[in-house]
Amino acid sequence: MAITRDDVRHIALLARLPLSADEETALTEQLDHILAHFQRLDDLDTDAVEPTAHIAPMATPFRDDVVTNPPDPEAWLANSPNHDGRFFKVPKIIE
Amino acid sequence: MSELDALTIDEARRRLRARQVTATELAQAALERIERTEPALHAFITPTPELALAQARAADERLAAGDAPALCGIPLAIKDVILTKGVRTTAGSKILESFVAPYDATVAQRLRDAGAVFVGKANCDEFAMGSSNENSGYGPARNPWDVARVPGGSSGGSAVAVSSRQALGALGTDTGGSIRQPAAHSGIVGLKPTYGRVSRYGVIAYASSLDQVGPLAQNVRDAAFLLETIAGHDPFDSTSVAQPVPAYAEQLDAGITGMRIGLPKEYFVEGMQPEVADAVRAAVSQLQSLGAVVEDVSLPHTEYAVPAYYLIATAEASSNLARYDGTRYGLRVDHGHGLLDMYRQTRGAGFGPEVKRRIMLGTYALSAGYYDAYYLKAQKVRTLIRRDFDAVFARCQAIITPTTPTTAFQLGSKITDPLEMYLSDIFTISVNLAGLPGLSLPCGFDSNGMPIGLQIVARPFDELTVLQTAYAYEQSTDWHRKQPKI
């Protein structure tokens, strides 16, 4: 399966990455090379195999619906690149 | 002060309690060594001398009061993907260059509670993605055995700090070998615990189903001290498991008489450095002479581990790293062309080439129409790899392998070929996919004087067997006493 430059542009948009023409060229070649190597997974018949996500048999743990980490907006806003009062500021979305 | 040269965590604990040395003296010795050796090694992104001295003073007070917890006064390096409250935490990325952690990771909190002294935030590959430390946004750490060579990655700075005695121990993280591989390359002990053994709360995520925090140390006993401090269930990490944590350091001396150890044939491959295979075979003989019964075993799906890993890890990374968009924290680049442009410019400027490559690969693997072919397929192959280990562990209590196919390579030698770099993780990755505990310890040196690592793997949550096997081997050799000349 070959990766095309158009594929790379499409993925870059999904991934919110701006790519220069050089990066597009390099990534098209590299991803194609890497995925070609990874094709060997197709040798394996996995139709009857269950996927593994966690090695320990675990159910979703539940807890009481109470606040355990008191909100501290000042601390959380301290790292923000731009905020106004207790709100994060972002560029306008709707004209 | 040359005192640090002779000290392990174990020995420092004794001397601190006997009041033969103070925590402040130890911290100062570590800080002086950091200042002297950092120009050559670059093990730290952010040294924290003020924090270290404050923690050391507090440790001295507790020692004087006879109320010293386990790691009281022990200088440690913390990999810079682990949040440390009030201290800059970058994950090796420019996108977090000015990010100050608003809270402690559970592992950092547990070390603080145990009285540890944090000398700095250790260098690493950006977001822990790399096998050489060359993907750090702040320049690579260098191998203290030969500064022209990589220390391994991604926890390269943690390994260098311990190997060069800038700290007595360190925390790293291991997603595909990122503790064990740099430990092997730097001539120290590194342990990746069972997935779920140690809390990931407050650890900057790379691949959430694989990431695990663990210790790097000069010897097995020190690694055991660190593990028993950080391990255990944490209600803040829903994947952490409620299993009792043994007192590892007290139980190292059980011996390995009669222990069945598997030696998988797939871990002696074409293209590996002959000196590495020889050193591991010599270690096998040594373990046999200590009473272990070593038998040849097979892990037949080993060759599929690298592709399965790089599909799962990059898919999870592409999702985890979506949060770095310039909105709530970290870098923002805004040219006034709207929100989407802000996201893209921020990520374009903030991420390095390997992180972009993995986000692209992972986004592709998760994109419409490809999920079943890539991510789901890889998760199923993961089951096959796990079953390989289950079959061996039905007969054997441990498995031993080389940690890496070669010793540390030259800086720049693999950076232009991503696939070749990925293949350098071939012996460590399966252990992450199967969620098992794995440890690397020194088992020799090659003709260039570079350390060789032996990997020991055991059943889930059986870190004790890993540590006991490693301890038995270590006590019969003196590899762990060799130090680089820095």
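**A tour of the contact between chains A and B**

Helix 2 of chain A and helix 11 of chain B are oblique to each other, that is, outside the ranges under 35 degrees (roughly parallel), over 145 (roughly antiparallel) and 65 to 115 (roughly perpendicular). This is a predicted model, in which local features need pLDDT of at least 70, side-chain atom pairs count only at pLDDT 80 or more, and totals for chains, interfaces and linings use all residues. Residues are numbered from 1 along each chain as written, with chains lettered from A and ligands numbered from 1 in the order written.

Select residues 353–366 of chain B together with helix 2 of chain A: their axes come within 11 Å and cross at roughly 60°. The crossing is right-handed.

Next, show the side chains. A:Leu27, A:Gln30, A:Leu31 and A:Ile34 meet B:Arg357, B:Met360, B:Leu361 and B:Tyr364, contact being C-beta atoms, placed from the backbone, within 7 Å. By class, this helix pair contributes six nonpolar, one polar and one charged residues.

Widen the selection to the whole contact, which takes 39 residues from chain A and 54 residues from chain B. On the chain A side, helix 1 (5–14), helix 2 (21–38) and helix 3 (73–77) each give two or more residues, and helix 2 gives the most, with seven.

Finally, select B:Gly330, in the loop between helix 9 (305–320) and helix 10 (339–350) of chain B. B:Gly330 counts as buried because it has 23 C-beta neighbours inside 10 Å, the cut-off being 20 or more. Beyond four places in sequence, B:Gly330 is in contact with B:Ile95, B:Leu96, B:Phe99, B:Tyr324 and B:Gly350.

Methods. Two residues are in contact if their C-beta atoms, placed from the backbone, lie within 7 Å. Helices (H or I, at least four residues) and strands (E, at least two) are DSSP runs, numbered from the N terminus. A residue is buried if 20 or more other C-beta atoms lie within 10 Å of its own, exposed if 12 or fewer, and partly exposed in between; C-beta atoms are placed from the backbone. Axes are lines fitted to C-alpha atoms, for helices over the stretch in contact, and angles run from 0 to 180 degrees between N-to-C directions. A crossing is left-handed if the near helix is turned anticlockwise from the far one by less than a right angle, and right-handed if clockwise. Ala, Val, Leu, Ile, Met, Phe, Trp, Tyr, Cys and Pro count as nonpolar, Asp, Glu, Lys and Arg as charged, and the others, Gly among them, as polar.
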